[in-house]
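Please look through the sequence and the structure shown here, and then follow the explanation below one step at a time.

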Amino acid sequence: MPHADAADDTTAFRLDCGATWLNLLATQGRHPTPTPIERIPTPDRLAAWLALHELTPAAPVTEDDVALAQHLRRPIRAVAWATITGTPAPEEAVGELARFLREHDDPVALLATDEGLRRAAPDGTAAALSRIVRQAVDQLAGSERLTLKACPEQDCLGLFSDPTGRRRWCPSPACASRGRVRALRARRAGIQSDDMTTSAPE
Ligand SMILES: [Zn+2]
């Protein structure tokens, strides 16, 4: 694995998307490009990501768990993308998520701790993932779906939650600065007046 600073930066987890399930989608960086970045390539990395989201499972994370986590991003993203673009929910992806939730029922075991309300640790990574898929479908089928947006940067297209409705780019500073530079260039080239309909207002 490359160990330059820049590479370290691109493989860093993104925890700023607004929900655990959105952060899971962001474990695949630059996914629309031919060279996506995999941020959970190993059991250790997936375990670290789960720990950051307070979802450390009771059983150790395995290679199969890594494959499952990577795989689940696809149907979640497909449904989320349809939600954001106002297109019909893709039946195959919906069916896959429904099947996964059916097969990995994760009962809610609440703990009243000194630090506040907690849930018992998930038995395994599949149970942890089922909590994340549950959060995704709750938000995608409920009113929170109205806060979802996709970053307009073509090599990002990252999905994020924007409850304020004021964000144009995802919370990554890189996307906002690239987008602003592009918008500035476009304005300087004098193409803003006729082409404004193709880009959202800031
Ligand atoms: Zn972005």
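In this predicted model, a good place to begin is a meeting of two helices, where Leu72, Pro75, Ile76, Ala78 and Val79 of α4 are in contact with Ala93, Val94, Glu96, Leu97 and Phe100 of α5. Sorted by class, the residues of this contact comprise 9 that are nonpolar and 1 that is charged, with no polar residue among them.

How are two such helices described? In general, a packed pair is described by the angle between the axes together with the distance between those axes. Here helix α4 covers residues 63-85 and helix α5 covers residues 91-103, and the two pack at an angle of about 125° with their axes 9 Å apart. Because angles of 65 to 115 degrees count as roughly perpendicular and those over 145 as roughly antiparallel, this angle makes α4 oblique to α5. The crossing in which α4 passes α5 is left-handed.

Turning to the strands, β3 (residues 110-113) and β4 (residues 116-119) run antiparallel and are joined by 4 bridges. Within this pairing, Leu111 has Arg118 in β4 as its bridge partner, while the connection from β3 to β4 is a hairpin of 2 residues.

Finally, it is worth asking how confident the predictor is. The average pLDDT of the protein is 90, and 90% of the residues score at least 70. In residues 1-8, however, the pLDDT is below 50, and this stretch has 2 contacts in the model beyond near neighbours in sequence. Residues 197-202 also have a pLDDT below 50, and that stretch has 2 contacts beyond near neighbours in sequence.

Terms used
Residues are numbered from 1 along each chain as its sequence is written. This is a predicted model: local features need pLDDT of at least 70, side-chain atom pairs count only at pLDDT 80 or more; totals for chains, interfaces and linings use all residues. Axes are lines fitted to C-alpha atoms, for helices over the stretch in contact, and angles run from 0 to 180 degrees between N-to-C directions. Angles under 35 degrees count as roughly parallel, over 145 as roughly antiparallel, 65 to 115 as roughly perpendicular and the rest as oblique. A crossing is left-handed if the near helix is turned anticlockwise from the far one by less than a right angle, and right-handed if clockwise. Two residues are in contact if their C-beta atoms, placed from the backbone, lie within 7 Å. Ala, Val, Leu, Ile, Met, Phe, Trp, Tyr, Cys and Pro count as nonpolar, Asp, Glu, Lys and Arg as charged, and the others, Gly among them, as polar. pLDDT is the predictor's confidence in each residue, from 0 to 100. Two strands pair if DSSP finds at least two bridges between them.
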